[in-house]
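Work through the exercises below with the model open. Try each task before reading its solution.

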Amino acid sequence: MATSAVIAIDFGATNLRAALVTVDGAVLHRVSAPTAANGGVQAVIHRIVSLSQQVIEATGAGPDIPIGVVAPGPIDPEEGILYFGPNLPGWRNVPLRAILAERLGRRIVIGNDGNGAALGEAMFGAARGCRHLIHLMLGTGLGSGILAHGQLIEGHRGLGAEVGHVPVDPHGPRCHCGGVGCLEAYVSGWALARDGAALAHSGRSEAIRRAAAGRPVTAEMVTEAARAGDQAARSVFESAGRALAVGLAGLVNVFNPELIVIGGGVAKAGDLLLDPLRRWLPCYAISYIADAVRILPSALGEDAGLYGAAARAFLVVDGSSSSPVRLG
């Protein structure tokens, strides 16, 4: 029997969100809490369980209602193991699905947040009806998902489509994954904060320095300074947009997508980031392929993770297996 609603859990590096999501896209009784990942694995799992129970109690969701979870980092969706959280200290080889199933007594469907958000945009958001899609979530890190012919491209063990860790410069900065010159090291929230802090400390951006006022620089501070016309801050987005174009160009040439959707907190910068991306992409991708690609902001905003968790749960529970995941 088709599932009419699922409990969706968006496990982000910064925040946890949970809600009951219906098959027609209604998000009901949402709750949230800081991830507080520095507190350790068990503390985060306790918060995920607590949020889930709050939604269950508030909505009366019966035991047949499954739970969909998306989380950052490489996850084996078949085994339910989170192998590594680049922005989650201590998260290595955590059997998250088994732990949550035991504590909550429900079917758990789990997957990478970027892959889930791609499904969410295709089912509920800016990519409805699109079967060839590249989706990026620019948040604390960089999540991503790719659809080809309506099928989620996850690769062997479900660990693929890690666009954030495509190298764009062999001499670039060290990434949180341990690699060098990854795309995430240029366009994620932590990367923008790093570059903004360097500008503030060097005296090249008085606007960022004033906004920080002795506090750690954030990506939001860099964005506001750029919007206010600070040229040094704007140069951060110019560099990020160009790096994004380099990283996406190879994928555009390989997958020939009809649409690129960009969401996440960093995407709130809007044209500060998208203008240089649109300008540079044709310089690196094959022109007759790049010219046909539309680039749009996410329609789901901060709910992309919730919709992504829900979309994966609907497709898996109502399908015959968890892999491959395919739109109807």
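**Exercise 1. Contacts of Leu248**

Task: Find which residues Leu248 is in contact with, leaving aside neighbours within four places in sequence.

Solution: This is a predicted model. Select Leu248 and skip its neighbours within four places in sequence; the contacts are then Ile134, Leu136, Ile260, Leu277 and Leu281. Next, place Leu248 in its wider setting. Leu248 is among the residues with the most contacts inside the largest nonpolar core, which has 57 residues. Leu136, Ile260 and Leu281 are also on that list, as are Leu138, Leu244 and Ile262. Then look for the main contributor. Helix α8 (residues 231-255) gives this core its largest share, 12 residues. Finally, look elsewhere in the chain. A second, separate core has 34 residues, including Ala18, Ala37, Ala61 and Val94. As background, nonpolar side chains in soluble globular proteins tend to be buried together.

**Exercise 2. The overall fold**

Task: Decide whether the radius of gyration of the chain agrees with or departs from that of a compact globule.

Solution: Start with the length, 328 residues. A compact globule of that length would have a radius of gyration near 20 Å. The chain has 19 Å, so the two agree. Now add the dimensions: the C-alpha trace spans about 55 × 50 × 30 Å along its principal axes. Count the elements: 11 helices and 13 strands. Check burial: 57% of the residues count as buried. Last, take contacts between residues at least 6 apart in sequence; 63% of them join residues at least 24 apart.

**Exercise 3. Thr223**

Task: Is Thr223 buried or exposed?

Solution: Locate Thr223 in helix α7 (residues 219-227). Read its relative accessibility, 9%. The cut-off for buried is under 20%. Thr223 therefore counts as buried. Now list what it touches beyond four places in sequence: Phe237, Ala269 and Leu272.

**Exercise 4. Positive phi**

Task: Work out where Ala36 and Asn256 lie, and what sign of phi Ala36 and Asn256 have.

Solution: Recall the background: most residues other than glycine have a negative phi. Ala36 has a positive phi of about 50° although it is not a glycine. Ala36 sits in the loop between β3 (27-34) and α1 (41-59). Its relative accessible area is 41%, so Ala36 is partly exposed. Turn to Asn256. Asn256, not a glycine either, has a positive phi of about 50°. Its loop lies between α8 and β12 (259-263). With a relative accessible area of 46%, Asn256 is partly exposed.

How values were computed
Residues are numbered from 1 along each chain as its sequence is written. This is a predicted model: local features need pLDDT of at least 70, side-chain atom pairs count only at pLDDT 80 or more; totals for chains, interfaces and linings use all residues. Side-chain values use heavy atoms; hydrogens and water are left out. A nonpolar core is a set of buried Ala, Val, Leu, Ile, Met, Phe, Trp, Tyr and Cys residues joined through side-chain atoms within 4.5 Å. Buried means under 20% relative accessible area, exposed over 50%, partly exposed in between (1.4 Å probe, protein chains only). Helices (H or I, at least four residues) and strands (E, at least two) are DSSP runs, numbered from the N terminus. Contact means heavy atoms within 4.5 Å. The radius of gyration is taken over C-alpha atoms; the globule rule is 2.2 Å times the number of residues to the power 0.38.
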